[in-house]
Each structure stands twice: as C-alpha cells, then as structure tokens.
Amino acid sequence: MPVIACFMGMVLSLLLAGGMVCIVRFSGRDFFSSPAELEESSFYRKLRDYDGAAALTAGSPESADPERLIRLLDGLEREALGVEAQLSVLKRRRALAAELSSLSAYRDRFLEVYRSAALRQAADFPFSQPLAAVAAEALIRSAARADTRGESLRAAAEAARDYGGLISDPSLLPLSMAVFILAGDMEDPGRAAAIPRVRERLEAFIESAGTANSGGTALAANGALLSLLRGDIREAGAAIRALLKPRDSPQPEDSAASAFVSPRIIRLAAEFFYDFGPLEQSAELFSRFPDPRSIARQADALWLSGREEGARNLWFALAVPGEYGEDSATPPEILLRCLYNLAVSSADPVKKNAWFERLLEEDPGQVWGTIGYTRFMDSKRAVAFLESSGLPEQTGLADLELLRRRLETWPVDRVIPETWLLLGRHPQDQALYQWGAYFFDRQRQYAETAQLLRTAGYQGFSAPWMSLHEALGHIREGKLDAGEALLRNIDGENADWQVPANIGRILEAEHSPAAALEYYEIACSRVTDIRDAAKIQLRIARCLRILGRDQESRRALEYGRSLDGENLKIRLELERLGP
C-alpha cells in the first residue's frame with residue numbers, strides 16, 4: 001500500500017507524542033494513595049530528592065551533573081515496585097534526555113540509557129501495555145535521532161512490532177498503529193491483514209491523525225484496501241466513494257489533482273471500479289490520466305461495459321499514435337495488447353488478418369497472435385507456420401494449437417494417444433490437463449477422463465475443474481449424492497456453468513423441477529457456447545412443462561432452436577407440441 005509513504009513524518013510525530021502521553025497518563029499518581037504512605041516510603045523520598053536535584057538544572061543544562069542524576073535514577077529503578085513506579089522513573093529518564101539534548105557529549109548517551117531502561121522494564125513486565133508502548137517509543141526515538149536514510153528507523157520499528165501487537169488499550173491504539181506503519185507492515189496486504197485488530201487500530205490512528213490532512217487521506221485509502229482484502233466489498237466501495245468527494249482545498253501532495261482529489265486516490269478508485277463495477281465509472285476515472293497505460297485501462301473498461309466502439313477507438317489511438325497527432329510512443333507491452341485486441345474484435349476478416357500481421361511484425365514470438373493468425377490458414381499452412389515458429393516446443397498453448405490443426409487431417413484413432421503425448425511433453429501445464437478432461441468427455445472417452453484425473457492428482461494438481469469432472473463421473477454412474485456433494489463444494493460464485501447445470505440435472509432427476517429451474521437459470525447466465533446454451537434451454541423447457549407452465553416451456557424451446565437450429569432434441573420436442 002504505497003500511499004502510506006507520504007506521511008511518515010506525521011506518523012513518527014504521533015508515535016513520539018504518544019509515548020509522552022502514555023508516561024504522563026499512567027504514572028500521574030506516582031503510585032501512592034494516601035499521605036501517610038507517601039511520607040513513609042523510601043522510594044518517594046528518593047524520588048523527591050531526584051526532582052529537587054533535577055530542578056536545579058532546569059533551563060541551564062550546562063550546569064547539570066549528569067552522572068549524579070543517572071545514579072539517582074538507577075537507584076530509583078532498583079527500588080521501584082510495580083509498573084506505575086517504573087513508569088515514574090522512565091518519565092524522569094525521558095525528561096532528562098530531553099533537557100540535556102543540547103549537550104552533544106551527553107545527548108546520545110542519555111537516549112541510549114532511556115532506551116535500555118525502557119526495554120528492561122518491558123521485559124520484566126511482559127504483559128504491561130503502558131511499558132510496551134514506552135519501549136516501542138524509546139526504540140524508535142533513539143533510531144530516529146541517528147537515522148539519515150530511514151534504514152535504522154525501519155529496523156527499530158520492526159523490533160518494536162511485538163510491543164505494538166501487545167497493546168489493546170483504546171488510548172494507545174494510535175501509537176501501536178504507528179509502530180506497524182513505520183515497520184512497513186501497511187505496504188504489504190498480507191502483512192497488513194495479519195496485524196491484530198488492524199481495523200480498530202487504523203480507525204483510531206485516522207482519528208488521531210485527522211482526516212483533513214494528507215496522512216488521514218492515505219490512511220483512509222489503506223482502510224479501504226484492508227476492507228477489500230477482508231472481502232468486504234461494500235465497505236471498501238463506500239470508503240473509496242467518500243475519498244472521491246472533493247475537498248475545500250488541495251493538499252501539498254495533491255497539487256496536480258482534479259477537484260482537489262489526489263491522483264493516487266483517483267487511480268485507486270478507477271482500479272476498484274474496474275474490478276467491482278460500475279465499469280463506466282472506472283473508464284471515466286482512467287480518462288483523467290493522459291499516460292498510455294491509463295488509456296489502455298480506460299479502453300478495457302469501455303469494452304467490458306459494452307461500449308465496444310469507444311474501446312476500439314482508444315486501442316487504435318494507441319496502436320497508430322500518428323493518426324491522432326500523438327508524439328510519445330506507446331510502450332511495447334501496451335502496443336501488443338492493443339494490436340491483439342483490435343485483431344480479435346474486428347468484424348472484417350481482412351482487417352483482422354492485417355492486425356495480426358502487424359502484431360507479429362512487432363513480436364514474432366507472440367503466442368496468441370501466432371495462433372490467431374494461423375486461424376486464417378488451411379490446416380497444411382497453419383501446421384507449417386506453427387512448426388517454423390518454434391513456439392510449440394516452448395509453450396503448451398502453441399503445442400495444443402498445433403495438435404488441434406493436425407487432427408483436422410489425421411485419422412480419428414490418433415486423437416487419444418496424441419493427446420496423452422501432448423500432456424507428456426508439458427507435464428506441469430495444468431491448463432492442458434483441464435482441456436484434456438474436457439476433450440475426453442466431449443469424445444465420450446470417460447475411462448480416459450478418469451485416468452487423466454488420476455494423473456493430474458499425481459502431478460499435485462488440485463482445482464475446481466477436477467472436482468467437476470469427478471462429479472460428472474459419479475453422475476454417470478448413478479451416484480447422485482456423491483456427485484451433488486462435490487458440485488456444491490465448488491465455489492458457487494466463480495464456478496463454471498457446468499456446476500449449476502449439473503446440480504440442476506440432479507434436482508430434476510430427484511423430481512424437484514422448481515429447484516432445478518433455479519440452477520438452470522444460473523447456468524444460462526454463465527454459459528458462452530450457444531450449443532450448450534441451447535441444451536440448457538431444453539432442460540428449462542422440461543421443468544416448465546412439469547410445473548404446468550406450457551407457454552413458457554414453448555418459448556424456451558423456440559429460444560433454444562434460435563441458438564442452435566441443429567439440436568435434434570429441441571426440434572423433435574417442438575414437433576411433438578405441434579403448431
């Protein structure tokens with residue numbers, strides 16, 4: 001989360017101030033409740049003696065006797081009983097270090113004495129939150145004074161991380177969060193999520209820092225990212241929308257911002273809306289940036305939102321910048337993406353072929369471009385082109401395309417052995433195993449599918465597609481309960497269309513047409529192949545007919561026929577129904 005880097009000075013200031021607040025708050029009573037106890041305590045008398053000696057040097061550090069003051073504090077530390085007493089001694093050590101900071105001969109030594117004492121007491125009282133907070137502050141204070149490049153400060157914060165994790169007192173949460181920030185934990189999503197009670201700490205820190213400054217904005221952005229990391233899309237979206245609201249005046253970091261919103265925040269929001277919608281808003285936010293990467297992201301967002309012409313115009317502008325008077329060249333990786341997108345999205349075969357040719361001129365080894373280009377060739381030319389490219393020896397995808405084109409002229413009995421040979425050449429390419437399972441099922445070679453799943457398991461693969469094909473095997477064998485259990489264990493939100501479709505088949509077989517219909521409709525929303533979509537419509541029609549919804553059943557069949565006029569079962573069903 002790089003936005004954190006912009007406010008380290010504010011973080012450090014908050015942490016050091018927090019150390020002072022902690023000492024003052026938790027040592028304020030000097031640990032005694034009655035005047036009699038105060039008068040009779042040897043510790044109290046020595047504490048009063050020290051305060052008197054320290055008062056003589058107040059305002060004139062050059063007249064101090066530092067060694068005597070250190071000896072007095074060492075004696076107080078030995079006699080102090082309990083956390084509050086030790087905090088009182090640490091308060092005086094800290095004040096002494098601050099008082100003598102102008103004396104170069106003593107400054108570093110007194111900081112070290114304070115740091116060592118704080119660490120000692122934190123070790124002696126390992127469950128004391130105030131002492132943990134003071135120890136963390138002492139570590140970072142000592143490093144911050146000597147640090148010139150940030151390395152010592154980062155190391156000190158990492159050493160203080162355990163102290164920060166111990167703190168749960170609401171008043172100390174901002175200080176503990178500052179420790180984690182300085183240690184770099186907020187720069188990595190995984191480490192950020194591992195911080196105990198991270199959301200509560202971050203909110204406390206934001207409140208202390210003040211959301212009206214750049215640090216607060218950066219922290220609010222990180223809060224949104226943490227919500228996203230934890231899967232709370234709604235909360236993350238609300239936080240990002242709040243960050244997009246214009247402020248009354250620009251912050252120092254936002255001098256180039258639109259409507260006084262940081263460019264970093266705008267880009268964060270654009271990426272968020274690209275992933276979670278609305279895509280139109282993502283495209284609008286990306287349009288505020290003139291760099292080629294942002295323009296390419298804007299084009300992708302437009303394409304995904306259905307505004308295909310707008311997307312192609314932007315890809316064209318990036319692929320042929322001279323047409324739009326652009327002076328700067330498009331980065332190579334973006335240029336290749338734009339050329340490929342223009343090729344695959346073109347409805348004109350001649351233009352499609354031309355874009356593929358341009359793509360291969362720019363990068364002869366571009367796998368997708370090579371495959372797309374050979375699709376315009378007959379089998380013999382395509383095989384020769386793929387073989388001459390050398391790509392099949394390098395990537396499983398190109399090797400698969402070569403096999404596919406060869407099978408157009410090879411006899412059918414070579415299909416299965418050549419598929420196994422393909423898998424043998426690329427044993428670690430899981431995508432090929434997934435294709436192989438699909439291919440064997442399509443060919444009704446179910447024994448080969450079962451063997452492929454075993455081989456994939458030996459390779460250490462574990463993926464939803466394996467569970468799907470195993471479930472299909474159970475369904476074919478009549479083991480509906482086992483098949484349904486496997487299908488329901490596959491992530492429903494991201495599952496292939498075959499998962500809900502086959503759950504629907506099982507429910508239909510169990511005479512639950514209404515429940516089956518729900519799953520068929522889910523499958524319809526995910527399927528892409530029109531022939532498969534037609535088969536689902538046939539299933540939907542059957543469920544509707546059982547439920548007595550005859551007109552809707554006929555409409556489903558007619559829609560299925562419009563998708564795949566060659567589907568014999570749909571045609572026969574319509575003929576049976578009559579005109």
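In this briefing a residue is called buried under 20% relative accessible area, exposed over 50% and partly exposed in between, for a 1.4 Å probe and protein chains only. By that scale Y340 is partly exposed, with a relative accessible area of 22%. The structure is a predicted model, in which local features need pLDDT of at least 70 and side-chain atom pairs count only at pLDDT 80 or more, while totals for chains, interfaces and linings use all residues. Residues are numbered from 1 along each chain as its sequence is written, and side-chain values use heavy atoms, with hydrogens and water left out. The topics below are salt bridges, aromatic contacts and pockets.

**Salt bridges**

- A salt bridge is a side-chain nitrogen of Lys or Arg within 4 Å of a carboxyl oxygen of Asp or Glu, and a search of the whole structure finds 21 of them.
- Side chains of opposite charge can pair when their charged atoms come close.
- E284 and R288 form one salt bridge through their side chains, at 3.3 Å from N to O. E284 is partly exposed at 37% relative accessibility, and R288 is likewise partly exposed at 38%.
- R337 and D300 form another salt bridge, with an N to O distance of 2.4 Å. This pair links distant parts of the chain, since R337 belongs to helix α19 (residues 332-345) and D300 to helix α17 (residues 292-304), 37 residues apart. R337 is partly exposed at 36% relative accessibility, whereas D300 is buried at 10%.
- The side chains of R375 and E401 also meet in a salt bridge, at 2.8 Å from N to O. R375 lies in the loop between α21 (367-374) and α22 (379-389) and E401 lies in helix α23 (residues 396-406), so this salt bridge ties together parts that are 26 residues apart in sequence. R375 is partly exposed, with a relative accessible area of 48%, while E401 is buried at 5%.
- R375, E401, R404, R405 and E408 are joined into one network by salt bridges that share partners.
- Helices and strands are DSSP runs numbered from the N terminus, with helices (H or I) of at least four residues and strands (E) of at least two.

**Aromatic contacts**

- Rings of Phe, Tyr and Trp (its six-membered ring) pair if their centres lie within 6.5 Å; planes under 30 degrees apart count as stacked, over 60 as edge-to-face and the rest as tilted.
- A search of the whole structure finds 11 aromatic pairs.
- Y340 and F356 form an edge-to-face pair, with 6.2 Å between centres and 70° between the planes. The pair links distant parts of the chain, with Y340 in helix α19 and F356 in helix α20 (residues 349-362), 16 residues apart. F356 is buried, with a relative accessible area of 3%.
- Y373 and F385 form an edge-to-face pair at 5.5 Å centre to centre, with 65° between the planes. Here too distant parts of the chain are linked: Y373 is in helix α21 and F385 in helix α22, 12 residues apart. Y373 is buried at 15% relative accessibility, and F385 is partly exposed at 27%.
- W420, W435, F439 and F440 make up one aromatic cluster.
- A charge sits over a ring if NZ of Lys or CZ of Arg is within 6 Å of the ring centre and within 35 degrees of the ring normal. R414 lies over the face of W410, 3.7 Å from the ring centre, and the charged end of R476 sits over the ring of Y446, 3.8 Å from its centre.

**Pockets**

- On a 1 Å grid over the protein atoms alone, a pocket is an open set of points where a 1.4 Å probe fits, with protein on both sides within 12 Å along at least five of seven lines; lining residues have an atom within 4 Å of a point. Grid points are joined across faces, edges and corners, and a volume is the space filled by probe spheres set on the points.
- The largest pocket holds about 1,000 Å³ of space. Of its 25 lining residues, R444, W497, R505, D532 and K535 are the closest to its centre.
- Two or more residues of the lining of the largest pocket come from each of α25 (430-442), α27 (464-476), α29 (498-509) and α31 (530-546), and α31 gives the largest share, 7 residues.
- The lining of the largest pocket comprises 9 nonpolar, 4 polar and 12 charged residues, where Ala, Val, Leu, Ile, Met, Phe, Trp, Tyr, Cys and Pro count as nonpolar, Asp, Glu, Lys and Arg as charged, and the others, Gly among them, as polar.
- The second largest pocket has a volume of about 400 Å³. Its lining has 23 residues, of which Q434, Y438, L468, D496 and Q498 lie nearest its centre.
- α25, α27, α29 and α31 each give at least two residues to the lining of the second largest pocket, with the largest share, 5 residues, coming from α25.
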